[in-house]
Amino acid sequence: MKQPTERIACFGGVYSNYLALEAALRDAQRRGAERIYCLGDFGAFGPHPNRSLELLRSSNVIAIQGNYDQSIGHAFADCQCGYTDPRDNHFAQLSYDYTLAHTNEDHRAWMRSLPAQWRIELGPLRVLACHGSPRKMNEFLWESTTSTQFLDHLVTQYDADVILATHTGIKWQRALSGRRRFINVGVLGRPENDGHRHVWYTMLEYAPSEGLSVEFIPVEYDAGRLAREMVAERLPGEFVETILSGYWTTCLEVLPSKERRRGKH
Amino acid sequence: MPSVALSHLDHLWFQVSGTLCNLTCQHCFIRCSPTNDQFGYLDLDTVRRHLAESVRLGVKEYYFTGGEPFLHRQMTQILVETLRYGPATVLTNGTVLKDEWLETLRLAEADSCYSLEFRVSIDGFSAETNDPIRGQGTFERAMRGVLKLVDFGFLPIITAARTWDILQEDTVVSCFVAMLKKRGYARPRLKILPTLHLGAEEERTHGYRRTERVTDAMLETFDRTQLICEHSRIVTDRGVCVCPILIESPDALLGGTLGDSLQPFSLNHGACYTCYQYGAICSNPSSQSAREPE
């Protein structure tokens with residue numbers, strides 16, 4: 001019997017951008033996603049963290065825990081994002097304190113209960129979904145600083161045909177040996193430091209005749225409304241500028257040079 | 001004495017110009033100078049052999065240090081070839097860079113999916129604060145190198161060893177950023193390193209005290225990924241050593257090939273304590289990750 005096509009939607013880094021989340025969920029359902037996965041970092045950056053969490057949980061999104069969620073869940077002192085620059089840490093802490101103070105205990109308990117990884121079957125493919133990397137939740141795997149042989153090592157060591165990750169905030173993918181693949185599924189929380197306001201999620205489709213296809217999908221949403229709500233919540237003007245301009249204004253020092261040159265700060 | 005296993009060879013370093021440098025800095029932990037040839041240049045074939053071996057081991061990133069790497073006549077070619085294998089970072093004093101080299105490297109990086117990072121060592125935000133450490137006139141020479149890199153489209157990471165009181169850190173960092181912007185580097189990147197109390201620095205200030213050692217108890221809940229020896233090795237002209245800091249220590253030499261050098265390493269040096277205290281001191285900020293909660 002002919003195997004049906006399977007389609008799953010994946011995203012990471014909601015960063016409390018519930019308006020983009022709403023738009024992405026609608027779009028993924030319209031495109032026929034059978035399952036929707038969130039690879040962690042529900043909070044940070046944006047306003048009203050409970051709104052994203054309510055939406056995620058009521059929409060049956062299958063979620064894994066990111067470093068932010070582990071921190072908020074356990075009320076750690078910081079987000080464990082791994083910034084090294086004092087300015088980046090200053091803004092990360094403002095955002096973290098706001099998010100922790102505005103997240104309900106029920107959501108925090110849910111975050112604590114989430115797994116750090118999911119094994120997914122997509123047709124015959126063994127897909128491993130994680131937050132940063134399969135070996136460390138908050139490891140940055142940037143496109144320009146991650147060699148192909150290292151990714152080959154990861155898929156071999158973790159018995160996967162496809163590894164899905166997020167954490168860096170910028171989508172990318174690379175074909176590996178033996179038709180295996182690494183995919184950073186992107187984030188919904190903020191634009192990609194390229195001067196565009198839209199954010200991204202990823203659709204993975206497996207068809208017996210075609211194999212795996214991967215599509216990065218831009219998500220338009222009401223960025224002006226999000227910005228107004230961020231201002232009303234007294235979140236930093238630098239964050240608002242990123243939402244409106246599409247360029248990162250913080251978290252800059254962890255960017256490798258290729259990724260940083262695409263921005264203007 | 002605690003021992004640390006290599007979890008995976010993420011970072012492969014090359015002591016590409018040995019201990020040979022055109023400068024003689026007062027804090028250099030391996031006393032590099034124009035005449036110190038204790039460690040020599042790595043020839044291109046040695047670099048190629050280790051790059052080829054590194055693929056099998058799944059190396060993630062490559063770093064080049066010295067001495068001054070750009071004294072090596074084939075440095076540009078080495079970096080061009082490395083960018084076919086993975087991301088490359090070169091640690092330079094910025095004083096000998098030539099336009100034609102940078103143009104070649106600009107094109108090579110544009111052709112590669114990987115970043116080429118330059119880390120330029122400057123130890124003060126002015127000639128008055130830098131030159132006593134790095135030598136007369138080195139501040140202006142290094143700054144010319146920085147601006148040359150910026151002109152070619154690179155975003156150099158200015159790397160400064162903390163030769164000031166840590167209480168002055170915020171002021172010093174602000175002065176660095178202001179100076180770099182004023183000179184024309186619009187979005188400066190900065191990495192501050194702790195000093196290592198070895199080599200020349202031992203005479204400039206002091207060596208390690210006997211109590212400054214890592215103990216088993218200290219590592220019990222410690223995130224070992226913060227230690228260089230947990231994920232790095234360095235190729236020198238004598239063989240493969242455990243890390244860029246300890247190359248002069250006899251126990252740091254682990255083998256002739258990468259495959260021979262994968263054994264655990266005992267943390268019995270004062271410098272291991274600095275690595276433990278500060279974490280990931282040799283990596284670029286893009287490759288660091290926060291410590292796991294203890």
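# Two chains and two sheets

Visitor: How many residues of chain A are in contact with chain B?
Guide: Contact means that heavy atoms lie within 4.5 Å. On the chain B side, 37 residues take part, and the number on the chain A side is 34.

Visitor: What kind of model is this?
Guide: Residues are numbered from 1 along each chain as its sequence is written, while chains are lettered from A and ligands numbered from 1 in the order in which they are written. Side-chain values use heavy atoms, leaving out hydrogens and water; local features need pLDDT of at least 70, side-chain atom pairs count only at pLDDT 80 or more, and totals for chains, interfaces and linings use all residues, for this is a predicted model.

Visitor: How much area is buried between chain A and chain B?
Guide: Buried area is the accessible area (1.4 Å probe) that two parts lose on being put together, summed over both. Carbon and sulfur atoms give 47% of it, and the total is about 2700 Å².

Visitor: Which residues in chain A lose the most area to chain B?
Guide: Three residues stand out, together making up 23% of what that side buries. They are A:Lys136, A:Gln149 and A:Arg261.

Visitor: How many salt bridges cross the interface of chain A and chain B?
Guide: A salt bridge is a side-chain nitrogen of Lys or Arg within 4 Å of a carboxyl oxygen of Asp or Glu. B:Lys60 and A:Glu139 form one at 3.8 Å, N to O. The rule finds, across this interface, a count of 4.

Visitor: Which helix of chain A gives the largest share of the side that touches chain B?
Guide: Helices (H or I, at least four residues) and strands (E, at least two) are DSSP runs, numbered from the N terminus. Helix 6 (148-157) and helix 9 (257-261) of chain A each supply at least two residues of this side. The largest share, 5 residues, comes from helix 9 of chain A.

Visitor: In what order do the 5 strands of the open sheet with strand 4 of chain A stand?
Guide: Strands pair if DSSP finds at least two bridges between them. Strand 4 (118-122) and strand 7 (172-175) are the edge strands, each pairing on one side only. The pairing is mixed, and the order is 4-5-6-8-7.

Visitor: Which residue is the bridge partner of A:Ile120 in strand 5 of chain A?
Guide: Strand 4 and strand 5 (residues 125-129) of chain A pair in the antiparallel sense over 5 bridges. Their hairpin has 2 residues between the strands, and A:Gly123 takes a positive phi near 60° there. Opposite A:Ile120, the partner is A:Val127.

Visitor: Why is one side of strand 3 and of strand 10 of chain A left without a neighbour in the sheet?
Guide: These strands belong to an open sheet of 5 strands in the order 3-2-1-9-10, with mixed pairing. Strand 3 (62-63) and strand 10 (211-219) stand at the edges, so one side of each is left without a neighbour because each has a single partner strand.

Visitor: Which residue stands opposite A:Ile8 in strand 9 of chain A?
Guide: Strand 1 (residues 6-11) and strand 9 (residues 199-207) of chain A run antiparallel, joined by 5 bridges. Facing A:Ile8 in strand 9 is A:Leu204.

Visitor: Which residue meets A:Arg31 in a salt bridge?
Guide: A:Arg31 sits in the loop between helix 1 and strand 2 of chain A, and its partner lies in strand 10, 184 residues apart. At 3.8 Å, N to O, that partner is A:Glu215.
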